[in-house]
There are 2 protein chains.
Amino acid sequence: MNINALEKIALSVRALSMDAIQKATSGHPGLPLGAAELGAFLYGDLLRQDPQDPSWPDRDRFVLSAGHGSMFLYSLLYLAGYQDITLEDIKGFRQLGSHAAGHPEYGLVQGIETTTGPLGQGIATAVGMAVAETMLAARFNTKTRTIVDHYTYVLVGDGCLQEGVSAEASSLAGHLKLGKLIVFYDSNRITIDGSTDLAFTEAVAQRYEAYGWQVLKGSMYDFEALARLTAEAKAETTKPSLIILNSVIGKGAPHKENTPDVHGAPLGAEEVAATKAALGIPEDFYVAPEAAAYFTVKQAEWKELHAAWQEEFNAWSQENPDKRSEWNRFYAGTAAPGVLPRFAPGDSLATRSAGNKALVALAAANTNLVGGSADLKGPNAVGLPDAAGVYSPTNRGGRYIHFGIREFAMAAIANGISLHGGLRAFCATFMVFSDYLRPALRLSALMKQPIIYVFTHDSIFVGEDGPTHQPIEHLASFRIIPGLLTLRPADAEETAEAWAWALERQDGPTILALSRQNLKVFPKEDPDWKNTLRTGAYVVRKGAESPDLVLIATGSELTLALEAADQVPGKVRVVSMISRERFEAQPKAVQETILPAGVRVICCEAGVKTGWERWAKPEDIFSIDRFGESGPANQVAQSLGFTAHALAALMKAKLPSG
Amino acid sequence: MNINALEKIALSVRALSMDAIQKATSGHPGLPLGAAELGAFLYGDLLRQDPQDPSWPDRDRFVLSAGHGSMFLYSLLYLAGYQDITLEDIKGFRQLGSHAAGHPEYGLVQGIETTTGPLGQGIATAVGMAVAETMLAARFNTKTRTIVDHYTYVLVGDGCLQEGVSAEASSLAGHLKLGKLIVFYDSNRITIDGSTDLAFTEAVAQRYEAYGWQVLKGSMYDFEALARLTAEAKAETTKPSLIILNSVIGKGAPHKENTPDVHGAPLGAEEVAATKAALGIPEDFYVAPEAAAYFTVKQAEWKELHAAWQEEFNAWSQENPDKRSEWNRFYAGTAAPGVLPRFAPGDSLATRSAGNKALVALAAANTNLVGGSADLKGPNAVGLPDAAGVYSPTNRGGRYIHFGIREFAMAAIANGISLHGGLRAFCATFMVFSDYLRPALRLSALMKQPIIYVFTHDSIFVGEDGPTHQPIEHLASFRIIPGLLTLRPADAEETAEAWAWALERQDGPTILALSRQNLKVFPKEDPDWKNTLRTGAYVVRKGAESPDLVLIATGSELTLALEAADQVPGKVRVVSMISRERFEAQPKAVQETILPAGVRVICCEAGVKTGWERWAKPEDIFSIDRFGESGPANQVAQSLGFTAHALAALMKAKLPSG
């Protein structure tokens, strides 16, 4: 370890960070200044990476969970030689188009492994990355060749450790004995409101020991300690490690360090000058020559590491052609179509059950599909065949994950598994509890990760469990998240197509909204319905070339719609709209093949009206705009006036003859 | 302690629960059977309550955090003599109209202190109740008279303790040294998926000790131990207590106890019969005569306890007329109007800053208003005057609560404070992080609790922090929750009115959506605008009796709208729609005073289009339907095409002359 060089790297991190933040007149200097030594140690010594070819699958991962300290990461990525972040980006910190965005954004710089900023999620996502590493290692390493063997490092602050999602994920990480997950805790004891004494006085070390972690302690400002502690963390292979580093927020700023002022506002020109004077920083956006020189050498070393791995990988490929083919499939970014289950009109089963048949079929064809439920394996119907195995410390090759009753961590972990590369992730809970994981769902969408969210029990037809378990506003709440695809199939046949669609999708998350109750498979008049479905809607029953009325329904309400249409004398067209947002993105001409211009439309969905007004007048939307109630499903529907009979009455009133 | 009677109570809980669930063919027998002894001890011995007059403000609170075990609670409430739950309700468990709903619903039975079912929230809500108790005790008790002095008891299961929200709330409860919070942990080590060994193997006791709790352990089935442990818990007055009770899920069911089968499905007729035979239960819906007789005596004791308190309260009232007046104000359920801050056209300030002035004014007039932020006191601008004090273990009279970086627990605790009675609660965070607390927001709405949610930084105009911090879908996500009122004031004057409105509201939660950026107070043509505002919208600038175009905007976009209107030659009416859902609830005639029939409407809001289609064609909605980006606010707006200039261009194209 070249301590002198590391010191110069730390100095450069401080210099770049304070200048970038000052120039932007916006940002968070507290962390980059306070944790610069850890950054120098990570990027200057610890991480196994190749900044000039950063997609190296076996690289170590680093997650800045305290994403507001983004200049910490940008400074280091720039110094280490990542190509897609330049000094111009840093000088343009927090300006439009700069890769040095306000918070680290996945996709802007290859060294940014996940988008962070929403606190607590970085560490939870990192748990997913560590899970992925063990899964891939189990699948691909052989007795003689190791091609998957890397660490997942995280930096958390006081904020991340107060958030519930980090607690959920840490408890699970301890349970799963993720020995290659190493978390550094920048313990500066200052948050925006002031000292952590105001609200956060628990014994963090003891809590993490309770989770089954190894906990180590030291100073942020002692490189030898950082090295020793990290070695101890690596030596403990059956527990994740938390390394608590006592630190000083904003360290180096003579008048502001160790105060909340330095957390989230620029130092100010005067304090920047004072800091530079105190630290001996001679110029703006200073990079110490020793740091630059050090990284030039380091880059060559990293290149060699990478080349050595490539050599091993090549030898492994030659020795294990089947594994190599599987590897290629894992990393191809496309899914195998599989043999979807077949259903026929008259079959009666819940779409969750049909979903399970599709999942099982697709999981057989895509052995990189992994996931599970938040303790609702049976109710969500997301079990995999026994052969897929349960993921555990003693069975890293298992593909079913028992996430426990931890919805939010589940979704964040799914993000991490997906971000890691090589694997596809699904996760599941009751639809109403999507609220618990919504912040991670948003990040899936923002990062365009193709997570498959299976949300069953998707309406008041849940019945007895009552309003706490009956989604009302949830379908509407999904459709407004940019980049998220919500599919609500109406019967078993549509469900199989929906699963295939979700798995094909590469550029964002998909929700499968599935019923608890049985639904009959209905006949489809359009022979090409499976293709038309992909426009977001298709005609189930044509009614006539020129219908009097079009009835749009989604999911289980298709059954209700068909029943109601049978009770109505006029020419009624029935449309299944599996994805409203996808349909809304179609050209008008396509939309009009489904909904002929000028024909009155009635919409039917067991949820709030909002959003359907684009297609129907408010009074023509058959919706539920209040919380549900507890009772057998049909009685609840009756009580809420949500029946085929009531829908038929509405339709009759709207028909030309009505 | 009458152990024989308690045993008979436990027997009756088992009998009633299994029969009710079996009759409903739906429900969760595992907890009521497994924890019946604790129930008997709670309702037969421990709780200080008055079932025949349950609104007694100084009653002990009990929260069944594991809400799926609802028959546990119903059995006990019925046995204890709560009037609004009958044997018919229990026989109608999970049927429409029964007070014995699938999960305990606040409002159906007075002994149900909060709605539970969504796991983890019960204990977090209970923390709020315990906070409220200390606040009221500090304010009202005197050296010689104690009128507020009760305990908050909770029953949690393995599920609640896995959820992040319970972790957040428990950490804060330890920090706050809530000595009168006592949590019983029904540790049966079984969840839906199977053994807790699958996903939950942490050392719970050690974790709670790390939070600063006292942790005690014993058996569920030893009444003397229950009494001794509870006494120890009460003796520790500076720490909350967790009492871990080893238990057997479904205890008493000879073939199903201690298996996941018994968690969430009826026992089945055969096992019910076997259980009855094993336990000596002679008939359906059996209540042991000894249990009934015991509660008859107990009711008289409770009546006496209540009467004694009433006597003390009367004496206290006489000795402390000022305190008694304040007490009356606290419990009146109405807010004092206060002296709202005044602003004038031309004043320029962020609505968050105006909100602070209103909050300070209203907090002065309403000394029962308490709350705080999730570590964003300054950024959210929700600080109270120093005189209001900071709530802490050494200052129970303080009214500002530092919740820490724990949004979800914050909202659940606010629910608990409100449910307790006597206090009004507000809480605050950045709007984008409303996602973190959404499950508790939903419960506020479901329980009709008048929590005030202050969500600042309400649009892409946050700027530099980037897409993780810029709300896009959030306003739309609020408006779809039944019973929630979303107010997005457009300038400082509207903000003061919005705060007053929120505080007046008694029957549900209100969101105040406030800007980070400064906004000029604009002149209002309608002299009666403050009244008209309450319809959800009012005319800011009339344009003409018969305008060519109506431009609807909300919040900070009003400023943009006025600017755009200035650039357009036609007769444009500008409308501020502070609450779309309120406006949509108005009769058509009222709506048409604002939006004349037949006039083209353009809507402008810095968020998704969804929901505005009711009022304008999709192409006439000036919205943002993608994630934001990092940069100075105006540049972000420019990049997204969200400028007055672009809005004016849209308007021009729609004008008759366009």
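**Group meeting: selected residues and the A–B interface**

I start in chain B, where the side chain of B:Thr495 reaches the backbone oxygen of B:Asp491 at 2.7 Å. Before going further: this is a predicted model, and the local features I mention are restricted to pLDDT of at least 70.

B:Thr495 sits in helix H19 of chain B, residues 492–504. The relative accessible area of B:Thr495 is 1%, so this residue is buried. Setting aside residues up to four places away in sequence, B:Thr495 touches B:Thr351, B:Ala354, B:Gly355, B:Pro489 and B:Leu514. For a longer distance in the same chain, take B:Thr532: its C-alpha is 15 Å from that of B:Thr495, and the two are 37 residues apart along the chain.

Now the interface. How many residues of chain A are in contact with chain B? There are 94 of them, and they meet 95 residues of chain B. Between them the two chains bury about 7700 Å², with 58% of that on carbon and sulfur atoms. On the chain A side, A:Leu96, A:Tyr436 and A:Arg442 lose the most area to chain B, and together they make up 10% of what that side buries.

On polar terms, the count between the chains is 44 residue pairs in polar contact, with both residues at pLDDT 80 or more. Helix H17 of chain A, residues 434–446, gives the largest share of the chain A side, eight residues. By residue class, the side of chain A that touches chain B divides into 39 nonpolar, 30 polar and 25 charged.

Six salt bridges are found across the interface. One salt bridge pairs B:Asp465 with A:Arg94, and their closest N and O atoms are 2.8 Å apart.

A:Arg94 deserves another minute. It is placed in the loop between helix H5 (87–91) and helix H6 (121–140) of chain A. Is A:Arg94 buried or exposed? Its relative accessibility is 1%, under the 20% cut-off, so A:Arg94 counts as buried. The backbone is also worth a look. Most residues other than glycine have a negative phi. A:Arg94 has a positive one, near 65 degrees.

What does the chain B copy show for phi? B:Arg94 has a positive phi of about 65 degrees, and it is not a glycine either. B:Arg94 lies in the loop between helix H5 (87–91) and helix H6 (121–140) of chain B. With a relative accessible area of 2%, B:Arg94 is buried.

Next, a second arginine in chain A. A:Arg399 lies in the loop between helix H15 (377–380) and strand S10 (400–402). A:Arg399 is buried yet has no salt bridge. Which side chain of opposite charge is nearest to A:Arg399? That is A:Glu326, 7.3 Å away. A salt bridge needs the two groups within 4 Å, so this pair does not qualify. What the side chain of A:Arg399 does reach is the backbone oxygen of A:Ala363, at 2.9 Å. Leaving out neighbours within four places in sequence, the contacts of A:Arg399 include A:Arg139, A:Asn366, A:Thr367, A:Leu384 and A:Tyr391.

A:Glu326 itself belongs to helix H13 of chain A, residues 321–332. At 13% relative accessibility, A:Glu326 counts as buried. Beyond four places in sequence, A:Glu326 is in contact with A:Arg139, A:Phe140 and A:Thr367. Two of those names, A:Arg139 and A:Thr367, also appear among the contacts of A:Arg399.

One helix for the burial pattern: H4 of chain A, residues 70–80. H4 is mostly covered, with ten of its eleven residues buried. Among the buried ones are A:Met71, A:Phe72, A:Leu73, A:Tyr74 and A:Leu79. In an α-helix, residues three or four places apart point the same way, because there are 3.6 residues a turn. After H4 of chain A comes A:Gly81, which has a positive phi, near 105 degrees.

Last, a residue with some exposure. A:Gly280 is in the loop between helix H11 (269–279) and helix H12 (289–319) of chain A. A:Gly280 has a relative accessible area of 49%, which makes it partly exposed. The cut-off for exposed is over 50%, so A:Gly280 falls short of that label. From A:Gly280 to A:His469 the C-alpha distance is 61 Å, at a separation of 189 residues in sequence.

Key:
Residues are numbered from 1 along each chain as its sequence is written. Chains are lettered from A and ligands numbered from 1 in the order in which they are written. Side-chain values use heavy atoms; hydrogens and water are left out. Helices (H or I, at least four residues) and strands (E, at least two) are DSSP runs, numbered from the N terminus. Buried means under 20% relative accessible area, exposed over 50%, partly exposed in between (1.4 Å probe, protein chains only). Lys and Arg count as positive and Asp and Glu as negative; His and the chain ends are not counted. A polar contact is a pair of N or O atoms within 3.5 Å; within protein, one must be able to donate a hydrogen and the other to accept it, and residues adjacent in sequence count only if both atoms are side-chain atoms. Contact means heavy atoms within 4.5 Å. Buried area is the accessible area (1.4 Å probe) that two parts lose on being put together, summed over both. Ala, Val, Leu, Ile, Met, Phe, Trp, Tyr, Cys and Pro count as nonpolar, Asp, Glu, Lys and Arg as charged, and the others, Gly among them, as polar.
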